[in-house]
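Me: Please take me closely through one part of this model. I'd like a sheet and its surroundings, in plain words.

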There are 2 protein chains.
Amino acid sequence: MGAGGEDRLLAWLRKQPGTELLGDDTAFLPPTDGSWRATVDSQIEGVHFPAGLEPSILARRLLQVNLSDLAASGGLSDAAGGAAPAYALVALSTPEGFDHHSFFAALLDECAATGVRLAGGDLARSPTLAATLTLLAPLPPGARGLHRRDARAGDRLWVGGTLGESGAGRLLAARGARLTSDAAPLPEGLGRPPALARAARRAVERHLRPRAQLALGRWLAGRARAAAMDLSDGLARDLPRLAAASEVGARVEAETLPLAEGFGALCDALGRDPIDLALAGGEDYVLLFSLPPDEAPPDDFGCTEIGEVTQGGEPVLVRDGSPHPWPETGWDHLEP
Amino acid sequence: MGAGGEDRLLAWLRKQPGTELLGDDTAFLPPTDGSWRATVDSQIEGVHFPAGLEPSILARRLLQVNLSDLAASGGLSDAAGGAAPAYALVALSTPEGFDHHSFFAALLDECAATGVRLAGGDLARSPTLAATLTLLAPLPPGARGLHRRDARAGDRLWVGGTLGESGAGRLLAARGARLTSDAAPLPEGLGRPPALARAARRAVERHLRPRAQLALGRWLAGRARAAAMDLSDGLARDLPRLAAASEVGARVEAETLPLAEGFGALCDALGRDPIDLALAGGEDYVLLFSLPPDEAPPDDFGCTEIGEVTQGGEPVLVRDGSPHPWPETGWDHLEP
């Protein structure tokens with residue numbers, strides 16, 4: 001029947017649970033009420049993750065990074081009852097020798113855990129390992145779509161978790177730290193003291209195994225008004241985007257930026273300023289959001305208020321008690 | 001405001017017509033009745049197109065290759081009235097120096113010509129130029145979704161246009177033929193006689209500037225029963241996929257395979273057998289479909305009947321009057 005490697009892989013894939021929609025080149029999604037959300041993100045070896053990363057870790061990261069965009073736009077419906085809250089299409093470009101089975105087994109497992117259904121894809125050879133995931137999801141019932149544009153002067157600014165830890169993890173990975181299914185070897189000089197080693201391992205884990213804040217996004221989508229986005233390029237780059245979309249300014253207190261346990265010592269060991277890394281490290285994958293001053297997220301979400309929305313003009317960073325111009329730093333996807 | 005190259009590009013992009021949906025990381029698609037179709041395809045430099053291809057030609061090819069999957073699943077609604085029949089999300093990974101403006105200007109132009117709305121995307125650096133497009137489209141009103149699985153024994157097999165010409169174009173490109181906005185220089189030895197040069201230029205054009213058969217797909221989606229897929233990996237690889245999905249066999253007459261004018265002489269010059277190239281060249285981007293014997297597509301579509309659907313077993317190729325086993329050849333996306 002002329003079945004090559006691709007046909008054999010697809011035949012295996014179609015036998016896995018949760019792949020009922022795979023078949024023709026085009027997926028037919030079940031009808032749903034209301035409008036759909038769509039988002040796409042790529043993960044490229046040497047750019048978004050270090051060479052040699054296990055295919056299973058890449059697959060889970062790919063899904064979580066994309067789910068983070070859905071978290072920022074309203075979260076997902078409850079998967080209980082068997083309905084798929086989101087559909088995924090994956091385009092995977094691989095050099096020879098890539099372990100497709102490990103990649104897809106992990107992707108399907110992560111999809112099942114988050115209620116996502118794999119609906120289609122495209123396979124290709126490439127000298128550079130790259131994966132692009134598209135997610136499609138209706139808004140959860142009763143949810144408002146979250147946008148960047150809904151911040152108003154007087155709102156409070158919040159972040160959904162600590163900043164800079166993922167950036168530290170990237171620096172550690174660049175120095176040789178690795179994450180495998182059961183270990184996270186560190187670069188030399190970071191094994192002592194044990195508290196530093198723990199902080200370093202957590203940073204690598206945080207960098208390579210992000211968790212989209214879906215429950216927080218779903219909660220925000222139930223508020224009367226909230227602006228939101230996910231922090232993928234660092235607060236320094238992303239906050240001005242939210243401010244510009246809302247046509248507002250912002251005032252952030254550097255001292256309030258939430259930092260992970262042991263982050264200061266880890267930054268010392270890496271020769272970086274903790275606040276700089278928190279602002280510009282990127283790939284935090286926590287939500288940045290604004291709420292009216294009389295609203296606050298439940299404590300369970302572990303959010304931190306970092307400042308307020310102002311009338312307009314450039315955002316301001318208050319550091320050591322005095323206002324500074326907003327730092328022009330952070331992750332730019334087109335800069336070398 | 002910390003605006004880097006990416007923010008500047010997005011600011012320019014949002015000023016172009018047809019980009020109203022661009023903004024947040026997640027696109028909110030307008031509500032629509034019925035189910036959605038979703039498809040994704042990548043174009044990778046050195047794999048799907050030659051290094052040095054103009055960004056504008058890449059952009060148009062990317063869209064048409066993806067539209068070909070929508071053609072095969074039912075075509076598109078009429079864009080008249082301003083409604084968008086399809087939405088696109090593009091993930092673009094580029095080495096330094098890539099001309100994003102040329103790429104996006106051409107992509108938006110091709111989108112406008114086909115009624116597609118650009119709804120989102122993702123930009124990244126990469127050592128390898130690669131573009132992945134996701135298309136989302138409702139079925140046209142009154143259309144059935146077309147699938148591979150609907151062929152029945154006794155149906156006639158058809159193709160929507162000539163085969164192998166794109167494969168010849170790829171061979172020419174590998175030998176140095178190029179296509180620019182206003183010229184198509186050929187490799188040495190293919191400039192004479194003029195008829196050969198014309199056939200070679202048409203082949204390069206066919207390879208790099210495919211046109212999705214949307215109108216044919218729309219017509220097929222109005223039939224009581226039709227199976228369809230688009231020929232992207234060559235008839236040799238793709239016909240068994242349609243047969244397997246429908247659990248039928250097939251009998252194809254090699255002498256009926258439609259070939260482009262001058263294709264035989266071009267194959268002579270390239271040292272290839274025309275039938276082999278028609279079967280295995282790939283990237284034809286015409287529809288392969290089956291229809292009951294009492295139905296035939298209107299002559300305007302330029303379709304050719306190439307054989308019939310049989311009860312089951314391996315497909316058979318009739319060549320020089322005698323049946324041969326189906327050739328195990330064609331484009332496999334995972335083979336080196």
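**From the axis to the sheet**

Reply: In chain A, A:Thr128 is the residue that comes closest to the rotation axis, with its C-alpha at 3.1 Å. This is a predicted model, where local features need pLDDT of at least 70, side-chain atom pairs count only at pLDDT 80 or more, and totals for chains, interfaces and linings use all residues. Residues are numbered from 1 along each chain as its sequence is written, while chains are lettered from A and ligands numbered from 1 in the order written.

A turn of 180° and a shift of 0.0 Å along the axis lay chain A on chain B with an RMSD of 0.0 Å (least squares on C-alpha atoms of residues with pLDDT of at least 70 in both copies). The two copies are thus related as by a two-fold rotation axis.

Now the sheet: five strands (DSSP E runs of at least two residues) form an open sheet, ordered S1(A)-S2(B)-S5(B)-S3(B)-S4(B), with mixed pairing (at least two DSSP bridges per pair). S1 (27-28) of chain A and S4 (116-125) of chain B are at the edges with a single partner strand each, so one side of each has no neighbour in the sheet.

Further in, S3 (residues 86-94) and S5 (residues 130-138) of chain B run antiparallel, joined by seven bridges. There, B:Ser93 sits opposite B:Ala130 of S5(B).

B:Ala88 is in contact (C-beta atoms, placed from the backbone, within 7 Å) with residues including B:Cys111, B:Val116 and B:Leu133, leaving aside neighbours within four places in sequence.

Key: Helices (H or I, at least four residues) and strands (E, at least two) are DSSP runs, numbered from the N terminus. Two residues are in contact if their C-beta atoms, placed from the backbone, lie within 7 Å.
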